[in-house]
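User: Could you walk me through this model? I'd like to start with its surface and then get to the sheet.

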Amino acid sequence: VGEASAQYFRRPPSDLNPEIMQIDEKAVLGRSLDGAVEFVDQNGKSFRWSDLSGKPTLLVLSYYTCDGSCTIVNATLRDLLKRTMRSQPGVDFNLVTVSFDRRDNLDSTNAFQKHLELAGDLAKVWTFATFRNEADLKAQTEKIGFKFFWSPPDAIFLHPGVFLFFSPEGRLATLPDQSPGNS
């Protein structure tokens, strides 16, 4: 019995290499999404990536039927933005969450947004969208190094949980060090 219980609590080895879930920053910094890529927002309106040019854009890639990390990543961002004093979303930068799940639609988009319990100005300026075209979804996520795959046994997507920052010109960038004493 002792040997059997020891095996029961042992975590099975994983064949998943965690490095495949990381974005290789050095390889993708400076890349941009194709400006002609079309999205459909939570109101059913189409827009292009180029429509966001002119100010920085904070992009979160999620899927709207996720009940785990996607909700946590977006809720964390919501909470961080509530405490931000220096910059205002919608004024100083664009704020966009885009689904990488080809099955997401207006219903799942709006349910996800509602689940986040956005209030006030944040609800007005945060765009939730889907790719209009599945080929663009695959090409553009690959271009910026965002890897994801469906795990049938778990019935979830495995993917990184990241905030992606794009310059006003639409290039993938890093944020400057904002700690005290740095400018």
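User: What share of the exposed area do carbon and sulfur atoms supply?
Analyst: This is a predicted model, where local features need pLDDT of at least 70, side-chain atom pairs count only at pLDDT 80 or more, and totals for chains, interfaces and linings use all residues. Residues are numbered from 1 along each chain as its sequence is written, and side-chain values use heavy atoms, with hydrogens and water left out. By the Shrake-Rupley method with a 1.4 Å probe, where for residues only the protein chains shown count as cover, the chain exposes about 11,300 Å². Carbon and sulfur supply 51%.

User: Which stretch has a pLDDT below 50?
Analyst: pLDDT is the predictor's confidence in each residue, from 0 to 100, and the chain averages 87, with 84% of the residues at 70 or above. Where pLDDT is low, the predicted coordinates should not be read in detail. The stretch below 50 is residues 178-183.

User: Which strands stand at the edges of the sheet?
Analyst: Strands here are DSSP runs (E, at least two residues), numbered from the N terminus, and they pair if DSSP finds at least two bridges between them. Seven of them make an open, mixed sheet in the order 2-1-5-4-3-8-9. Each edge strand has a single partner strand, so one side is left without a neighbour in the sheet: these are strand 2 (46-48) and strand 9 (172-173).

User: Which residue stands opposite Leu172 in strand 9?
Analyst: Strand 8 (residues 163-166) pairs with strand 9 in the antiparallel sense, over two bridges. Opposite Leu172 stands Phe166.

Notes
Contact = heavy atoms within 4.5 Å. Helix = DSSP H or I, 4+ residues; strand = E, 2+ residues; numbered from the N terminus.
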